[in-house]
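Hello,

Here is the structure I promised to send over. My notes on it follow below.

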Amino acid sequence: MVVDLRSDTVTRPSDAMRDAAKNAEVGDDVYRDDPSVNELERRAAEILGKEAGLFVPSGTMGNQVAIRAHTDRGQELLADEHAHVLKWELGAVAQLSSLQTRLLDFGDSGAPTPEQVEGGIVEEGLHEAGTGLFCLENTHNYRGGVAVPKEEIDAAAEVAHEHDVPVHLDGARLFNAAEALSTDAAALAENVDSVMFCLSKGLGAPVGSMLVGDQAFIDRARRVRKLFGGGMRQAGIIAAPGLLALENREHLADDHRRAARIAEDLGQIDGIETTAPDSNIVVADVADTGLNAEEFVGQIEQHGVLAVAFSETTVRFTTNWDVTDDDIEQAIDSVRTAMAET
Ligand SMILES: *Cc1c(COP(=O)(O)O)cnc(C)c1O
């Protein structure tokens with residue numbers, strides 16, 4: 001049997017989610033007629049402590065709709081050099097919002113210092129378009145699923161706000177951050193202006209992400225979503241499983257415990273280096289195995305373990321809803337066998 005640790009997006013919907021899809025009350029959501037979508041948007045906003053929500057087909061669309069809704073052409077987007085919005089969204093900030101970017105090095109903590117933010121903000125002037133948006137990420141994917149504490153988010157956001165720069169939080173895995181920090185997602189989102197989070201990752205929905213913020217922002221975002229081709233019709237079919245996913249947060253603690261186990265055991269294999277993860281993402285440095293990341297991934301795949309090459313020398317393992325303790329044990333044994341054969 002194959003143990004799929006490529007991502008937390010690979011999960012299959014539960015029977016309850018399939019039933020919810022089948023039985024969903026639906027209407028034309030572009031006309032705001034879909035009760036299931038309306039309820040999902042209301043509930044998402046409520047959980048995050050914001051005024052309003054918007055259902056979008058993907059996290060990428062949620063981020064890019066937010067970026068467009070917050071900014072004017074030519075402005076600067078201030079973000080981490082390893083931000084998902086810049087690294088893995090096909091240059092959308094240039095293609096869809098005509099922005100320039102200014103990069104900070106958020107470091108291992110996954111968050112910048114207030115001084116870094118201050119230094120990165122450009123005031124609008126005769127020769128400067130100015131900073132249009134500041135973007136944070138939690139958990140921080142590329143930096144190893146790091147959970148960024150509320151104090152660091154708030155301190156960074158405060159500097160941006162002093163300069164009237166809005167703050168967007170890419171919270172694809174915000175509930176993992178909340179779990180890791182033993183807090184709730186609303187606290188982490190309290191001082192940012194908009195948040196995107198994915199229903200389709202750790203929460204296990206088949207499709208969809210949410211964007212939340214104040215009503216005026218969501219009204220603008222709704223028009224941008226239409227512009228980007230994200231106006232959906234009887235979307236209650238996918239919103240109904242999303243509603244179940246929203247309440248499906250308890251297993252995240254198990255995902256985190258399993259990731260810790262992976263990090264600990266893989267770290268004992270010759271040539272593999274790991275650090276204790278905050279959440280469900282383990283980034284293993286495989287440089288000393290004599291294989292590059294692609295080769296390592298190919299080698300373990302032959303032994304029934306799927307992971308992704310994250311850089312030239314690092315490999316990402318992500319625990320998810322479909323992976324059990326037994327699967328984890330099997331995966332660790334298989335990696336050990338695979339390495340013994342190289
Ligand atoms: C997965 C992810 C996204 C994008 O979500 P998709 O649904 O895959 O488009 C955005 N930001 C982060 C941090 C992610 O991990």
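To start with a residue you may want to look up: is E41 buried or exposed? E41 has a relative accessible area of 5%, so it counts as buried (buried means under 20% relative accessible area, exposed over 50%, partly exposed in between, with a 1.4 Å probe and protein chains only).

Before going on, please note that this is a predicted model, where local features need pLDDT of at least 70, side-chain atom pairs count only at pLDDT 80 or more, and totals for chains, interfaces and linings use all residues. Residues are numbered from 1 along each chain as its sequence is written, and side-chain values use heavy atoms, leaving out hydrogens and water.

E41 and R222 meet through their side chains in a salt bridge, at 3.2 Å from N to O (a salt bridge is a side-chain nitrogen of Lys or Arg within 4 Å of a carboxyl oxygen of Asp or Glu). This pair links distant parts of the chain, with R222 in helix α10 and E41 in helix α2, 181 residues apart (helices, H or I, of at least four residues and strands, E, of at least two are DSSP runs, numbered from the N terminus). R222 is buried as well, because its relative accessibility is 15%.

R143 and D80 form another salt bridge, with their closest N and O atoms 3.0 Å apart. Both R143 and D80 are buried.

Within helix α7, D154 and K150 sit four residues apart, about one turn of the helix, and their salt bridge has its closest N and O atoms 2.9 Å apart.

The whole structure holds 21 salt bridges.

Best wishes
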